[in-house]
Amino acid sequence: MQHERVLVLDFGGQYNQLIARRVRDLNVYCDLKPCDMTVEEIRSYDPIGIIFTGGPNSVYDPASPHVPEAIFSLGIPVLGICYGCQLIAYTLGGKVEHAPTSEYGKREVRFGKASPLSVGVPERSICWMSHTDRVTEVPAGFEVLATTESCPAAVFGCAEKNIYGIQFHPEVVHSEYGNLLLKNFLFSVCKAKGDWTMKNFVAEQIGRLREKIGDKKVLCAMSGGVDSAVAATLIHRAVGSQLTCVFVDHGLLRKYEAEEVMQVFRDGLGMNLVKADAGERFLEKLAGVSDPETKRKIIGAEFIKVFEAEAKQIGAVDFLVQGTIYPDVIESGKGKSAVIKSHHNVGGLPSVVDFQEIIEPLRDLFKDEVRRVGTELGLPDSVVRRQPFPGPGLAVRIMGEITREKLETLRDADFIFRDEVAKAGLDGQIWQYFAVLTSCKTVGVMGDFRTYENVIALRAVTSVDAMTADWARIPYEVLERVSNRIANEVPHANRIVYDITGKPPATIEWE
Ligand code: XMP
């Protein structure tokens with residue numbers, strides 16, 4: 001079944017993926033596609049509506065992206081946001097002007113004339129602006145629907161043609177009625193039904209996977225991460241024991257993590273899950289190595305070797321699962337087919353597995369949708385809400401050489417930190433939080449004795465995409481409990497510090 005779908009044309013603005021996510025959250029499927037799609041391509045895509053995103057350009061710059069006027073004669077509703085709204089005005093004969101200063105942040109917007117786009121939006125509210133150019137004259141046949149102090153046409157539209165422009169960013173939470181405007185566009189203007197739900201996705205995907213896989217064999221590398229866990233569970237639901245999962249335990253996971261993977265997937269769901277206990281092998285390879293990049297390379301290469309050995313035992317398979325998700329697809333080829341994820345610990349797998357075809361059951365989903373699918377499939381929160389964890393694991397959280405003793409110390413300290421953050425109810429608000437073993441030793445005193453032990457650093461950050469991050473303002477009382485517990489319960493740690501650096505200048509991980 002083909003879902004009704006909206007086309008989001010990407011003009012390069014920073015919130016573009018957010019627009020697509022908001023549309024999908026309103027239960028309407030959409031794709032983010034490059035803005036140079038031709039009218040013919042758009043027609044054959046057959047959307048119920050088109051959204052032009054914002055972008056950094058000025059419509060008067062000949063080098064900036066434009067749209068053919070014919071796009072407005074397809075009879076498909078159009079909503080332009082920020083640069084997108086200026087593009088509508090410019091293309092259809094209105095006027096766009098360069099303002100003397102940029103406008104950025106919260107502004108009051110006043111709605112006047114009623115329209116299908118603004119049903120339920122009060123006369124005055126707050127919106128989020130980020131622009132320099134602005135529309136000063138709307139095209140013939142269009143009406144101004146809202147203004148702000150500096151925008152004479154903050155929202156405008158033509159109800160007969162179903163074309164609307166919004167200068168501010170309705171997709172950003174600071175725009176109080178932004179979501180309602182998007183909802184009105186989808187449901188009142190485009191007449192969407194709202195058939196995109198994770199329940200439907202799961203049901204349809206299982207049907208499709210059954211049809212595609214038939215009675216053939218599938219192999220999946222399970223890392224414990226959200227994407228591979230959800231992908232494997234979906235395929236398992238579709239074809240059961242035709243799926244074999246290989247879980248390489250490199251001995252660099254957090255406390256109880258490997259056990260949990262086995263409990264949830266093998267014992268709980270009854271998956272064919274093979275665990276390769278390779279901890280010793282990794283430790284041997286890493287002995288004496290302290291350079292961060294060398295450690296990463298060794299782990300990446302070793303991972304592939306271990307996986308290859310397991311795959312050989314399983315023999316030829318028909319399909320190899322990749323946990324590719326929609327942002328990978330968008331970023332890797334502007335909507336064209338995804339290259340294999342460059343993530344080091346799966347990137348090399350296709351070359352060592354005897355398979356016919358890659359299967360990517362999550363390639364249409366955003367991360368939050370992947371989590372919702374996981375929940376729909378009955379996976380526990382500990383799996384679907386798992387914080388991002390680097391492929392090389394604790395190896396990049398132990399500075400310098402890795403030893404068994406250091407791993408044990410770090411695991412225990414990290415476990416206490418995570419436990420206290422969760423008990424304080426802060427786990428949902430923090431992007432990542434973990435302990436680092438600095439491999440720096442300092443003098444301490446315990447009882448009447450001098451100690452000379454490790455400094456443990458606590459790292460906790462807030463972020464939206466890990467590209468930038470801020471250090472989390474964890475309450476002192478929580479930090480105090482963590483510090484006391486680590487000092488008392490963890491051998492070989494006598495000093496605990498809190499990392500108060502953002503990204504940039506630091507990175508989230510220490511190595
Ligand atoms: P940094 O430390 O560069 O990390 O600020 C950004 C995000 O990426 C994660 N990370 C990794 N993930 N393999 C991964 O799968 C890796 O080698 C790796 N290194 C860092 C990190 O945890 C953070 O979420």
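This text walks through the domains, one interface, the salt bridges and some strand pairs of a predicted model.

Start with the overall division. The domain assignment splits the protein chain into three parts: domain 1 covers 5–189, domain 2 covers 198–384 and domain 3 covers 404–498. Find domain 2 and domain 3 in the structure. Their centres, taken over C-alpha atoms, lie 30 Å apart.

Now look at where these two domains meet. Eight residues of domain 2 are in contact with seven residues of domain 3. The size of an interface is often given as the accessible area lost when the parts come together. Here, domain 2 and domain 3 bury about 720 Å² between them. Carbon and sulfur atoms account for 53% of that area. On the domain 2 side, Arg254, Lys255 and Leu283 lose the most area to domain 3. Together they make up 64% of what that side buries.

What kinds of residues does domain 2 bring to this interface? The side that touches domain 3 has four nonpolar residues, one polar residue and three charged residues. Charge plays across the boundary too: two salt bridges are counted between domain 2 and domain 3. Lys255 appears again here. It forms a salt bridge with Asp412, and the closest N and O atoms are 2.7 Å apart. Four residue pairs are in polar contact across the interface.

Step back to the whole structure. It holds 37 salt bridges. One of them joins the side chains of Lys193 and Glu4, at 3.9 Å from N to O. This pair links distant parts of the chain, 189 residues apart. Lys193 sits in the loop between α4 (178–189) and α5 (198–213). Glu4 lies in the segment before β1 (5–10).

Next come the strands. Begin with β5 (residues 95–111) and β7 (residues 143–147), which pair in the antiparallel sense over two bridges. Phe111 has Ala146 in β7 as its bridge partner. Strand β7 also pairs with β8 (residues 155–158), again antiparallel, over three bridges. In that pairing, Glu143 stands opposite Gly157 in β8.

Finish with a hairpin. Strand β15 (residues 432–446) and strand β16 (residues 449–462) run antiparallel, joined by 12 bridges. Met446 stands opposite Phe449 in β16. How many residues lie between the two strands of this hairpin? There are two, and Gly447 takes a positive phi near 60°.

Key. Residues numbered from 1 in each chain as written. Predicted model: local features only at pLDDT ≥ 70, side-chain atom pairs only at ≥ 80, totals over all residues. Heavy atoms only, no water. Domains from an automatic or database assignment. Contact = heavy atoms within 4.5 Å. Buried area = accessible area lost by both parts, 1.4 Å probe. Salt bridge = Lys/Arg side-chain N within 4 Å of Asp/Glu carboxyl O. Polar contact = N/O pair within 3.5 Å; in protein donor to acceptor, adjacent residues only side chain to side chain. Nonpolar A, V, L, I, M, F, W, Y, C, P; charged D, E, K, R; others polar. Pairing = 2+ DSSP bridges. Helix = DSSP H or I, 4+ residues; strand = E, 2+ residues; numbered from the N terminus.
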